[in-house]
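Welcome! Have the sequence and the 3D view ready, and let's take a walk through this protein together.

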Amino acid sequence: MNNIHKTVIIEDGAQIGDNITIGAYTIIGKDTKIGDGTKIGSHSLIEGKTTIGKNNEIFSHVTLGSIPQDLKFNGEDVELIIGDNNKIREYTLFNPGTIGGGSKTVIGNNNLFMGYTHVAHDCIIGNDCIFANVATLAGHVECGDSVVVGGLTPVHQFCKLGSYSMVGGGSVVTQDIPPYCLAEGNRAVLRGLNLTGLRRRLDNREDIDEIKKAYKAIFQSKESISDVAKRLLEESNNKYVKELAQFVVDTKRGIPFNRK
């Protein structure tokens, strides 16, 4: 049974699931789909071709699906896709994609978006991520799984943040941050591995030891990081090492690090 306040406006065509809660003065656009068990706070706006999965908790004054903040946007058919079990706090803004970036902004499952976070057009976000207050992702940013971005941190367009990476609060990210790494600063540079995150999520200590060795080999030797990464891809059988090495090989914006 749905619990929808009498002041809510739901436009004809919107698809609303079961056990939905919608607070006062919220507006649901005609092309919106909302999955079962989702809760939406008061004074929110969900519009455009926006699909929201099951059991999400969307707090008050949230805007989802408004047109991209891209001057090239000309009314094309674009969409925003949000998975299941996400918590989206007050005053957040998520935009759909653009035709130049695949036409989709995609957000996975079990993420936490704290207050005033912004997810711009064409972003791709994995699962189990945390974005602290006023973390702002520019267009085309990609985040893997279990990424943590500290508060008041902007991420430049087209940057990639690898799985299990963490960016300290008050940083400015302008280059790619590899998986498992900790970055901080303006401009953000690698400060080492996100060992706390790895220990929470990886049961095998040997895997963490292998990641440590690979990090040192790539970022603390005098060789080209790309050459070391390619060699690790050939020589290592560890899947985590291979993921780190492949990220280094594939980077387009470069990786910010200080060679010791």
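Which residues make a nonpolar surface patch of about 410 Å²? The patch is made by Tyr 91, Tyr 116, Val 134 and Leu 152. Please keep in mind that this is a predicted model.

**Around Tyr 91 and His 61**

Let's start with one member of that patch. Tyr 91 sits in the loop that runs between β13 (87–88) and β14 (93–94). Is Tyr 91 buried, partly exposed or exposed? Its relative accessible area is 41%, so Tyr 91 counts as partly exposed.

Now look for His 61, which is found in the loop between β10 (57–58) and β11 (63–64). If we set aside its neighbours within four places in sequence, His 61 is in contact with Ser 42, His 43, Ser 44, Glu 90, Tyr 91 and Thr 92. With a relative accessibility of 31%, His 61 is partly exposed. You can also try a distance in your viewer: from C-alpha to C-alpha, His 61 and Arg 201 are 33 Å apart in space, and 140 residues separate them in sequence.

**An open sheet**

Next, the strands. In general, the strands of a sheet pair through backbone hydrogen bonds, in either a parallel or an antiparallel way. Here, 11 strands form an open sheet with mixed pairing, and their order is β1-β4-β7-β10-β13-β16-β19-β22-β25-β26-β27. At its edges are β1 (3–4) and β27 (188–193), each of which pairs on one side only.

How do β26 and β27 run relative to each other, parallel or antiparallel? They run antiparallel, and five bridges join β26 (residues 181–185) to β27. One pair to find is Gly 185 with its bridge partner Ala 188 in β27. Helix α2 (residues 205–219) packs on this sheet, where the helix touches β26 and β27. The direction of α2 makes about 140° with that of β27.

**Parallel neighbours**

Elsewhere, you can see strands paired in the parallel sense. Strand β9 (residues 49–52) pairs in this way with β12 (residues 79–82) over four bridges, and Thr 50 has Leu 80 in β12 as its bridge partner. In turn, β12 pairs with β15 (residues 104–107), again in the parallel sense and over four bridges. There, Ile 81 stands opposite Val 106 in β15.

**Salt bridges**

How many salt bridges does a search of the whole structure find? The search finds nine, and the table includes some of them.

| Acidic residue | Basic residue | Closest N and O atoms |
|---|---|---|
| Asp 31 | Lys 30 | 3.1 Å |
| Asp 77 | Lys 49 | 3.7 Å |
| Glu 90 | Arg 89 | 3.1 Å |

The salt bridge between Asp 77 and Lys 49 links distant parts of the chain: Asp 77 is in the loop between β11 and β12, while Lys 49 is in strand β9, 28 residues apart. Why is Asp 77 called exposed? Its relative accessible area is 58%, and exposed means over 50%. Lys 49, in contrast, has a relative accessible area of 36%, so this residue is partly exposed.

In the salt bridge of Asp 31 with Lys 30, Asp 31 is partly exposed at 40%, and Lys 30 is partly exposed at 44%. Glu 90, which also appeared among the contacts of His 61, is partly exposed with a relative accessibility of 24%. Its salt-bridge partner, Arg 89, is partly exposed with a relative accessible area of 30%.

Conventions: Residues numbered from 1 in each chain as written. Predicted model: local features only at pLDDT ≥ 70, side-chain atom pairs only at ≥ 80, totals over all residues. Heavy atoms only, no water. Pairing = 2+ DSSP bridges. Helix = DSSP H or I, 4+ residues; strand = E, 2+ residues; numbered from the N terminus. Contact = heavy atoms within 4.5 Å. Axes fitted to C-alpha atoms, helices over the stretch in contact; angles between N-to-C directions. Patch = residues over 30% accessible without salt bridge, like charges linked within 9 Å, V, L, I, M, F, W, Y side chains within 5 Å. Areas by Shrake-Rupley, 256 points an atom, 1.4 Å probe, with all protein chains shown as cover. Salt bridge = Lys/Arg side-chain N within 4 Å of Asp/Glu carboxyl O. Buried < 20%, exposed > 50% of the residue type's maximum accessible area, 1.4 Å probe, protein only.
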